[in-house]
Each structure stands twice: as C-alpha cells, then as structure tokens.
Amino acid sequence: MSVAKLRLLYIDSDEAIARLVDRGMMRQGYDVVHAASGEAGIARILEGGIDVVALDQYVPDPDGLETLQRILAIPNPPPVVFVTVSQDSQIAVTALKAGADDYLVKDMHGDFVPLLHVAIESAMRQAQIRKARDDAEAEVLASRDRYAALAAEREVLLREVNHRVGNSLQIIASLMHLQANSSDDDDVKAALS
C-alpha cells in the first residue's frame, strides 16, 4: 500500500532555486508545485490540494510577509515555512510572529534543500498541534454553550415549578379563606385563618 505524497507549494521568483527545490524535495518524497509570485501562490492554494507551503521572503506581487498574511487569512491554511537569504534574525522573529510555522535561511546553491525537509516536518507537526489545540478549544466552548443552555433550561423549569406551586398555594389560601368566611364556628374560623 503506497502512502500519498505531501504536496509542497514552493513560492519563489527564482526559477533556478525552484528547480533545485523541486529535484531535492521530490527525492524526499514530496510532490512539488512552484509559483513565481505571491498572487500565483495564493491562487494555487485556493485551488486546493496543497499540504504545506515554503514561501520566499522576497517573492514579488505581494512580498513574502504580505503573502504570508493573505495565506493565513484563508480558511484552514496549510502550514508555512518562511524562507529567506537574509541572516537577520529580526526577519525570522517577524515571520514567526506573523504566523509562519517555521523559518529557514537559504543559500543560492541549494544546500538548504535537505534542511527544508526538516523545516517542513517541523511545520507539519506545529500545524497538527495547533489543530489539536483549536479542536480542544472548540470542544470546551461547545461544552460551555451546552452547559449554559442546560442552566437556562433549568432556570425556566424552576420558574415554572415556582409559578405552579405559588398558584397552588394561592388557590389553597383562597379556599381556606372562603371556608373560614362561610363557617359560623369561631374555632373553625380561627383554625383556617
């Protein structure tokens, strides 16, 4: 039985690097799709079937950070590994704060491709953890909503019981008052009042 390949969308305007990523990641068992711009990458994600994204910081139309934000605005977005040639750690912090699942510094010779596999595996684990956390939070909220609905229903039932008991007591009190008023015996009137 064969295991389905993960489909990697590599968004980078550099065709030569894209070919290196394609060959290297195919050897790792990935099905690689390439997009040369942020807009093309977003369009490809919207078509469906993308499991993970590697996104270059300097991709054009729009740039990497804006593309990342637009990807994350898509319902159930795939995990994203942010890729750049810059050694500036501030870029990594910015990308991770913006929602990237992992970060990778690339070189122009393709030596980073084996590391991309590791970053993708990490991003996939992060996405699984995030989904499990989101599912657990959704279940907690649903449980809280069910509890609130039950408490509201109980409150309505208690008001109804109180109303019926109150009406019954009022009827009994009225009957006792009528009985006391209709009796000529003072002892009966005293007992009923």
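Begin by selecting Arg 133, which is partly exposed at a relative accessible area of 44%, where buried means under 20%, exposed over 50% and partly exposed in between, with a 1.4 Å probe and protein chains only. This is a predicted model, in which local features need pLDDT of at least 70 and side-chain atom pairs count only at pLDDT 80 or more, whereas totals for chains, interfaces and linings use all residues; pLDDT is the predictor's confidence in each residue, from 0 to 100. Residues are numbered from 1 along each chain as its sequence is written, and side-chain values use heavy atoms, with hydrogens and water left out.

Next, add Glu 137, whose side chain meets that of Arg 133 in a salt bridge (3.9 Å, N to O), a term that stands for a side-chain nitrogen of Lys or Arg within 4 Å of a carboxyl oxygen of Asp or Glu. Both residues lie in helix H5, four residues apart, or about one turn of the helix; helices (H or I, at least four residues) and strands (E, at least two) are DSSP runs, numbered from the N terminus.

Stay on helix H5, which covers residues 113-182, and select Val 161, Val 165, Leu 169, Ile 172 and Met 176, which make a nonpolar surface patch of about 430 Å². Patches are made of residues with over 30% relative accessible area and no salt bridge, like charges being joined within 9 Å and nonpolar side chains (Val, Leu, Ile, Met, Phe, Trp, Tyr) within 5 Å, and accessible areas come from the Shrake-Rupley method with a 1.4 Å probe, only the protein chains shown counting as cover for residues. Within the patch, Leu 169 is exposed, with a relative accessible area of 53%.

Now move to Asp 31 and Arg 7, whose side chains form a salt bridge at 2.8 Å, N to O. Asp 31 belongs to strand S2 (residues 30-35) and Arg 7 to strand S1 (residues 6-11), so the pair ties together parts 24 residues apart in sequence.

Then select Lys 106 and Asp 12, a salt bridge in which the closest N and O atoms are 2.6 Å apart. This pair links distant parts of the chain, 94 residues apart, with Lys 106 in the loop between strand S5 (102-105) and H5, and Asp 12 in the loop between S1 and helix H1 (15-27). Both Lys 106 and Asp 12 are buried, and adding Asp 56 completes a network of salt bridges with them.

Finally, zoom out to the whole protein, which has six helices and five strands.
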